[in-house]
Amino acid sequence: MKSTFLRRILFCLLATGAITGSALSGAFAQTPNDGLMMGKRYICNVLTYSNGSWSGYWEGPLKRSNPNIGTFTSQNVMFMSAYGVTSRLNVIVGLPYIWTKSDGGHMAGQRGLQDGSLFLKWQPLKAKTKVGTFSAFAVGGISVPLSNYVPDMLPFSIGIRSKTASLRGILNYNLNGFYLTGAAGYTARGPITIDRDAYQAEGRIYDTNKVMPPNVVDASARLGFVNKHLQIEGFVESMTSQSGDDIRRQDAPFPTNKMDMTSAGAMAKVHFFTKSGAFFTVLGQYSQVLSGRNVGQATAYTLGAQHTFRVGGAKN
Amino acid sequence: MKTIFSRKMTQWIGLVGLVLLSNACDKSISEPTYDAYTPTALDANGGTWKTYVLTSATDIEVMEPKATTSTEYQAELQELKTTAAQLSQTQREAVTFWSAGGVYRWHEIARTLAANYNLPPVFNEATGKYPVPDAANPKADPKFPFTNPPYAARVFAYLAVAQYDALVATWNYKYKFNRMAPGKVDASLKSLVPVSDLPAYPSEDAVVAVASAEILKLMFPGEVEKLDAQCVEHVNSRLWAGANVRSDVDAGTALGKAVAARIIARAKADGMGAANNQTLVAGMITAAKERGLTMEWKSLETPARPPMLPNYGAVKLWNFSTAERNALRPVAPPAIGSSEMEKDLNELRGFAKNSTREQKAIASYWSDGVGSYTPPGHWNRAAARLTRQYKHNELRAARTLALTMTAVEDAGVCCWDTKFYYFTARPFQVDPSIRSTIGTPNFPGYTSGHSTFSGAAATILSHLFPSESADLDAKAKEASESRIYGCIHFRADCEAGLKCGANIAAYAVKRAQADGATN
């Protein structure tokens, strides 16, 4: 009983984990990469506010600042919902609204509904042993732009309007509430269409309005502890583009760029129960980009509220 | 039960995953390809057409070629056959690439260079200044040149003029000597490209390759090795294709180089070296204030960047005199505080708050900002595409580009003269609530460069391609208005620029009517 409950909490938290503001583009929505599952017929609805900002960025490998951007800020409100179809199959949807701005220069920020995401998460393996519980997961996901936003005015664009498909493997180890989770994923990104019909990339002119953004490999490791009333966790995450060019000297970023970054962070979560067995949660997360290429060195925080309950009432 | 369910789920997720990944994994982007075509006409009188820099088509002497019956020529034919028998795939690809048209390809290369070099210098914290790109050290940071719109306009103009003047001379000698293409001389020689009745000596491809490379090496001194390699490949592609014998391309190479030297002499004395004379700026502001200016333009960049090429307005014109430039200069723009200015400001306040997706797309389509091949490049592409669409021969294609790009450079010179004559502020400076979605260039507002370039290009192209006129005018108007949607120009800037651009190009139209080419 206890373990099912803990799973629910942990899962929902991590599903709302990393935040869009950390990339230069603000284009990278989070993906579910924790090591737990929602119980059958349980649903959690999460509403978060996130704020990522940077005043330094990497122009290729060169770290710099730019007073014509000053401090760049990307904020978003995200609705996320996860549901246990069975105890071994969960479905997750995410819906972000993003707005960007900078306090230097004269450029206007942009805002809008970004890309909706849908994930199916499946747990093929779970082994309880005397030295803890081992689990393995596979997650498949897609994301699709939900509005016709402008994708190539980075960093102000709210995303790059690529349709994506991802596959992810997760390994989890849990011992008396202490857990260690490792995840690695591959995101394939489809071509995007921009408003211009020619653009410069990789040292040449592309005579088309189609742009191919690079595919991305991500990896993360999480170490945490959870009990009935609170949860704390520390994590490191990385994102590595599998191709792409660098931002040129004094140029703006572009969707073809090789955007890489490594960040570290921590989160905390507190739960409040109702008599029915449902509960409300407040959560907070903080993260910092440590190193990168063609991205902003963002500091990001997230505040959120979550409501978890069993569809059709409490379990007898 | 549970096991079966899990197995099915594995298969299902695996399948869906594979389909999704394979769809998104196709990383190829398709672009238009350009094949060789047979020109609609050969323009046999091309050797009599009016040149820009050469005084006549015979300024440069070309030796009479050996007869096709000579042993020397027969040996050259044999060389082509030997070469054709052992062509590599790379050589075949080079033949296909250059057969799209030398004039077309070299303008394409120029647009690529323009975009690659369109990067403003980065502020140097140590010296407290924006460094100026150094032609003697072109590969250092900042790279030389910063190919901003005025610089790009001049690159395209000189490239087109060099090609055109060299080809007028080429046509003169082609029809003087009348030595046919090797495929016409020897039917057993199978050329890889279409062979016309255009005389082959001197080779128009060699002329265009060398003249183009010489101009671009002057304009982009950091690209010498690459341009030399492209030039050699272009020249050789004619031998690989069996389209010219070696003496055709040798004569073309010499002619192209000699003509380019004349054009380069003009470029070195056209005043571009003084275009960035920042010491003139204070006097320009004083003079503008004496004419009634109340708010002088200030750089929107931090730290303030010196204005882009304040003395470009004094650069030598192609199609009219400095006095005529002064006469073309639009009247003063609406003053700040006037009801006309208030109307324009309110329009921009509206777009800053709310513009339609279509307006955003138009602003982006014509943004042509940092990192792009600039508005002159945008119109260069339009002109170059029309030469292919209407199947121009090399000479006529060069003429179209020369008429268009000289009009565009003249537009740039006139526009810069106007900008620094009136020295007016950009919308954001007048009202900081008017933020831009596309980025404001670093020079005064009145008149709009995009509008002037576009008005000029559309006007001369409409003359050359009358059936495209409605489309060209609509494009120019759209380019002009894109600057309003992007909130970086007042409507008055754009309307005056578009009209002035048309007036500027009227001189190119007049030239086209009298240069011997008919139309």
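Ala402(B) sits in helix 15 of chain B, and this predicted model gives us a fair amount to say about that spot. How many other C-beta atoms lie within 10 Å of Ala402(B)? There are 31, and since 20 or more is enough to call a residue buried, Ala402(B) counts as buried. Setting aside neighbours within four places in sequence, Ala402(B) is in contact with Tyr52(B), Ala160(B), Val161(B) and Tyr164(B). Gly439(B) is another story: this residue is 37 residues away from Ala402(B) along the chain, and the two C-alpha atoms are separated by 30 Å.

Now for the helix around Ala402(B). Helix 15 of chain B covers residues 394-422, which is 29 residues. Counting 1.5 Å a residue, helix 15 should span 42 Å, and its end C-alpha atoms turn out to be 41 Å apart, so the two figures agree. Is helix 15 of chain B mostly covered or mostly open? Mostly covered: 29 of its 29 residues are buried. Right after helix 15 comes Phe423(B), with a positive phi near 55°.

Elsewhere in chain B, helix 8 (residues 224-240) and helix 9 (residues 246-268) make a pair. Their axes come within 9 Å and cross at roughly 160°. Angles over 145 degrees count as roughly antiparallel, so that is how helix 8 and helix 9 of chain B run relative to each other. The crossing of helix 8 past helix 9 is right-handed. Here is who takes part in the contact:

| Helix of chain B | Residues in the contact |
|---|---|
| Helix 8 | Val235(B), Arg238(B), Leu239(B) |
| Helix 9 | Arg246(B), Val249(B), Thr253(B) |

Sorted by class, the residues of this contact come out as 3 nonpolar, 1 polar and 2 charged.

Finally, let's look at where chain B meets chain A. On the chain B side, 43 residues are in contact with 41 residues of chain A. Helix 1 (2-24), helix 4 (102-116) and helix 13 (357-365) of chain B each supply at least two residues of the side that touches chain A. Which helix of chain B gives the most to that side? That would be helix 1, with 10 residues. As for the make-up of the side of chain B that touches chain A, you'll find 20 nonpolar, 15 polar and 8 charged residues there.

Key: Residues are numbered from 1 along each chain as its sequence is written. Chains are lettered from A and ligands numbered from 1 in the order in which they are written. This is a predicted model: local features need pLDDT of at least 70, side-chain atom pairs count only at pLDDT 80 or more; totals for chains, interfaces and linings use all residues. Two residues are in contact if their C-beta atoms, placed from the backbone, lie within 7 Å. Helices (H or I, at least four residues) and strands (E, at least two) are DSSP runs, numbered from the N terminus. Ala, Val, Leu, Ile, Met, Phe, Trp, Tyr, Cys and Pro count as nonpolar, Asp, Glu, Lys and Arg as charged, and the others, Gly among them, as polar. The expected span of a helix is 1.5 Å times one less than its number of residues. A residue is buried if 20 or more other C-beta atoms lie within 10 Å of its own, exposed if 12 or fewer, and partly exposed in between; C-beta atoms are placed from the backbone. Axes are lines fitted to C-alpha atoms, for helices over the stretch in contact, and angles run from 0 to 180 degrees between N-to-C directions. Angles under 35 degrees count as roughly parallel, over 145 as roughly antiparallel, 65 to 115 as roughly perpendicular and the rest as oblique. A crossing is left-handed if the near helix is turned anticlockwise from the far one by less than a right angle, and right-handed if clockwise.
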